[in-house]
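Work through the exercises below with the sequence and the coordinates open. Each task is followed by a solution in steps.

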Amino acid sequence: MSIETLIENYGLLAIFLGAAFEGETAAFLGGVVAHRDLLTYWSASLAATAGSFAGDQFWFFAGRYAARWTLVRRLMEKPALARTTRLLEKYPTGFILAFRFLVGLRTISPVVIGTTRIPTGKFVLLNALAALVWGQLFTALGYLFGHGIQQTLGHLPLHRHLLIAIVAAAVVAAAAYVFRKMRPSAGHS
């Protein structure tokens with residue numbers, strides 16, 4: 001079975017699950033695949049949107065109803081908890097709309113929000129809106145990246161195109177990680 005056939009058959013599921021559990025890389029790669037016409041742009045971006053929404057809803061409900069789970073307790077012990085709580089208390093609506101775009105706060109934020117008195121309906125609505133923007137943005141970035149690679153290097157075999165996209169996503173993720181690690185120490189100087 002070729003990689004093209006796998007993507008055509010399971011690509012949307014992979015984007016959905018990837019967006020739910022990992023995030024940006026799955027949506028970005030969905031855009032690259034859409035650029036290659038293996039999936040439509042709209043189906044890839046909606047799979048990313050739905051995955052992001054579902055994943056964050058899961059963590060919200062885990063915070064609201066499953067605070068005794070070992071995994072939830074571990075998340076609540078992370079250093080990002082204080083920063084997340086501060087931002088949530090100061091800007092509740094804005095924070096719910098923005099947390100998925102904040103490096104290092106994506107997984108813990110919906111758990112923390114679930115432990116507050118923020119109404120479930122409000123979170124569902126704001127989460128859906130933010131997921132829609134996020135899904136479109138990261139899928140579009142992948143689509144444009146795919147177009148840029150094709151303009152620069154020509155029409156590459158799919159496996160090379162995806163490898164370049166994965167390396168680019170890894171470099172961006174590593175840079176974000178380094179930035180996040182440097183940021184707290186800069187605040188303590």
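Contact means heavy atoms within 4.5 Å. The model is predicted: local features need pLDDT of at least 70, side-chain atom pairs count only at pLDDT 80 or more, and totals for chains, interfaces and linings use all residues. Residues are numbered from 1 along each chain as its sequence is written, and side-chain values use heavy atoms, with hydrogens and water left out.

**Exercise 1. Overall form**

Task: Describe the secondary structure, the dimensions and the contact range of the protein.

Solution.
Step 1. Elements are DSSP runs numbered from the N terminus, helices being H or I with at least four residues and strands E with at least two. The protein has 9 helices and 0 strands, in the order α-α-α-α-α-α-α-α-α from the N terminus on.
Step 2. The radius of gyration is taken over C-alpha atoms, and the globule rule is 2.2 Å times the number of residues to the power 0.38. The protein has a radius of gyration of 18 Å, close to the 16 Å from the rule for 189 residues, so it is as compact as a globular protein of that length.
Step 3. Along the principal axes, the C-alpha atoms fill a box of roughly 50 × 40 × 30 Å.
Step 4. Of contacts between residues at least 6 apart in sequence, 78% join residues at least 24 apart.
Step 5. Buried means under 20% relative accessible area, exposed over 50%, and partly exposed in between (1.4 Å probe, protein chains only). Of the 189 residues, 39% count as buried.

**Exercise 2. H2 against H8**

Task: Give the packing geometry of helices H2 and H8 and the make-up of their contact.

Solution.
Step 1. Two packed helices are described by the angle between their axes and the distance between the axes. Axes are lines fitted to C-alpha atoms, for helices over the stretch in contact, and angles run from 0 to 180 degrees between N-to-C directions.
Step 2. H2 (residues 24–35) and H8 (residues 120–153) pack at about 50 degrees, with axes 6 Å apart.
Step 3. Angles under 35 degrees count as roughly parallel, over 145 as roughly antiparallel, 65 to 115 as roughly perpendicular and the rest as oblique. H2 and H8 are therefore oblique to each other.
Step 4. A crossing is left-handed if the near helix is turned anticlockwise from the far one by less than a right angle, and right-handed if clockwise. H2 passes H8 in a right-handed crossing.
Step 5. The contact includes Ala27, Phe28, Gly30 and Gly31 of H2, and Trp134, Phe138, Gly142 and Tyr143 of H8.
Step 6. Ala, Val, Leu, Ile, Met, Phe, Trp, Tyr, Cys and Pro count as nonpolar, Asp, Glu, Lys and Arg as charged, and the others, Gly among them, as polar. The contact of H2 with H8 divides into 9 nonpolar, 8 polar and 1 charged.

**Exercise 3. The packing of H3**

Task: Describe how H3 packs on H1 and on H8.

Solution.
Step 1. The axes of H1 (residues 3–21) and H3 come within 7 Å and cross at roughly 35 degrees. This crossing of H1 and H3 is right-handed.
Step 2. Among the contact residues are Leu12, Ile15 and Phe16 of H1, and Ala44, Ala47, Ala48 and Gly51 of H3. By class, the contact of H1 with H3 has 10 nonpolar, 4 polar and no charged residues.
Step 3. The axes of H3 and H8 come within 8 Å and cross at roughly 145 degrees. The crossing of H3 and H8 is also right-handed, and the residues of their contact divide into 16 nonpolar, 9 polar and 2 charged.

**Exercise 4. Single residues**

Task: Place Asn127, Phe61 and Asp37, and state whether each is buried, partly exposed or exposed.

Solution.
Step 1. Asn127 lies in helix H8. Its relative accessibility is 0%, so Asn127 counts as buried. Leaving aside neighbours within four places in sequence, Asn127 is in contact with Phe53, Asp56, Gln57, Ile96 and Arg100.
Step 2. Phe61 is in helix H3 (residues 41–65). With a relative accessible area of 33%, Phe61 is partly exposed. Outside its neighbours within four places in sequence, Phe61 is in contact with Ala66 and Thr120.
Step 3. Asp37 sits in the loop between H2 and H3. At 64% relative accessibility, Asp37 counts as exposed. Phi of Asp37 is near 65 degrees, a positive value in a residue other than glycine.
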